[in-house]
Amino acid sequence: MIELKFVAQKPNGELVTGNIAAGTYSEGKKQIKGIVEKHKLKLKSIEKKVTFIYKIKKGNEIPTKGEQRAFSKDEVVQALTKMGYQVISVNKYLFEWDPKPPQQEILSFVKISAELLEQKLPYSEIMTLLVNDLENKTLRETLKQINNELKKGSDSQTTFLKHERVFGKFTAYMLGLAAKSGNMTEIYKATAKFLERRMQFSKDLRSALITPAITMFVLFLAVLFYVGYIFPETAKLFLKFDIPLPPLTAATLDISDFLINQWFIVVLFTFVPPIILIWWNSTPKGKLFFSRVIMKMPIIGGLVHKTNIEVFCRVFYTLYSGSAESIEPIRIAAEATDNAYFEQQIKKVAIPMMIRKGAGISESFAAAKIFTDTAISRFHSGEETGTIKNTALQLANYYESETVFRLKNVIEMIQVFIAMVIMVVMIGLTLVSAETATINPSVR
């Protein structure tokens, strides 16, 4: 989140200033232009809050260095001078880069906060402690801004959501909600559990899908290089002397000739499809398509599907407080799954049924066709007995246990499969290479 300050002029010549926060400079500039046009102002300047490095001293003390975020150098100099310091130098960072903090850093912050809240430590003290101890610059500066705004009496939910680029939409929502709720510790613990599960599942999914895919792709490139470049250098020596080639060697050489002569087609079909798929996945339609397809994939699809249900149920349990207030928890829980198709079915099928037709939770979830029969049956029982909140927690724990166990087996199975593929490829290359040793030049 960046901060921008703008100066504009009224029709009567009076100057006005304003501050806004935005995810990017372009977003902020767009917001400022909207404000200027709405109030019929003339924009004079836009300044971005950046980091300055200063060197100061007081009296005969040793000069010290520090950092301060401000809109201009003069602003830093004036502030330090008012505090009684002699300013030696103030320079702006030449290349300021604030990457998004790693998920592990955010999880650590949430877990530590939950533990300290459980020990009844005041929230303001927790924030001060963490601001001083955190190593990640982006997260440290973000928490510093949040702490300052909360001390000024700003709404906690609005304050955290301003920094959703750092925390993620769901985490920012939950942390903002926690400060307003009467159960802050519970929400922080639930958020930590959610982040922990999502990180673990992402790690396991990489082991099950992404890592093997990269391994196979690199293996494919290695085989292409061997067949297209290394092998022909040896095999064509026999052709110069009109020596008949064995069948495997001849077939491999034909493939090599094709790869060399049609290299453009090979490159096209090797690199273009992955690029197109990655681009399409970044679009709303592509993300929706892949979100649906991944839940229907053999073996891994069921695990992804049940993990989405687990995340939904865990978040729903944390936020749900009664049937009259069920819509917002359902919407937030759907967004927390980070699956576009799951989210769409909840928002466009389940929630409209509940609002317009007055349908129950289990009936609406069944119509969305994204929950298993087991989940629908349990939600139905929970509705009848008035224990739907506890039912959601039971489902979350059940699917967590099942997916963790099954995913480990899937990863082991995929690793064995990859090892077998590599073994077959290596045996094939060895046979082709060894076959050349059987070539017996005729003596004339």
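A pocket, as the word is used here, is found on a 1 Å grid over the protein atoms alone, as an open set of points where a 1.4 Å probe fits, with protein on both sides within 12 Å along at least five of seven lines, and its lining residues have an atom within 4 Å of a point. The structure is a predicted model, in which local features need pLDDT of at least 70 and side-chain atom pairs count only at pLDDT 80 or more, while totals for chains, interfaces and linings use all residues. Residues are numbered from 1 along each chain as its sequence is written, and side-chain values use heavy atoms, with hydrogens and water left out.

**Exercise 1.** Describe the second largest pocket, and state which element gives the most to its lining.

*Solution.* Begin with the space, which is about 480 Å³, a volume being the space filled by probe spheres set on the grid points, which are joined across faces, edges and corners. Next, take the lining of 18 residues, of which Glu 3, Lys 49, Arg 69, Gln 145 and Asn 148 lie nearest the centre. Strand 2, strand 5 (64-70) and helix 5 (137-151) are the elements that give two or more residues, where helices (H or I, at least four residues) and strands (E, at least two) are DSSP runs numbered from the N terminus. Helix 5 gives the most, with five residues. Finally, sort the lining by class: three residues are nonpolar, six polar and nine charged, with Ala, Val, Leu, Ile, Met, Phe, Trp, Tyr, Cys and Pro counted as nonpolar, Asp, Glu, Lys and Arg as charged, and the others, Gly among them, as polar.

**Exercise 2.** Find the order of the strands in the sheet that holds strand 1, and explain why strand 2 and strand 3 are its edges.

*Solution.* The three strands form an open sheet in the order 2-1-3, with antiparallel pairing; two strands pair if DSSP finds at least two bridges between them. Strand 2 (15-22) and strand 3 (42-48) each have a single partner strand, so one side of each is left without a neighbour in the sheet. Eight bridges join strand 1 (residues 2-9) to strand 2, and Glu 3 stands opposite Ala 21 in strand 2. To complete the picture, add helix 1 (residues 25-38), which lies across strand 1, strand 2 and strand 3 and runs at about 140 degrees to strand 2; axes are lines fitted to C-alpha atoms, for helices over the stretch in contact, and angles run from 0 to 180 degrees between N-to-C directions.

**Exercise 3.** Work out the order of the sheet that contains strand 4, and place helix 2 against it.

*Solution.* The order is 5-4-6, again an open sheet of three strands with antiparallel pairing, and the edge strands are strand 5 and strand 6 (86-92). Strand 4 (residues 50-57) is joined to strand 6 by six bridges, and Tyr 54 has Val 90 as its bridge partner in strand 6. Helix 2 (residues 73-82) lies across strand 4, strand 5 and strand 6, at about 155 degrees to strand 6.

**Exercise 4.** Describe how helix 13 and helix 14 pack, and which classes of residue make the contact.

*Solution.* Helix 13 (residues 300-319) and helix 14 (residues 327-336) pack at about 145 degrees, with their axes 8 Å apart. Among the residues in contact, meaning heavy atoms within 4.5 Å, are Phe 312 and Phe 316 of helix 13 and Ile 330 and Ile 332 of helix 14. By class, the contact has eleven nonpolar, no polar and no charged residues.
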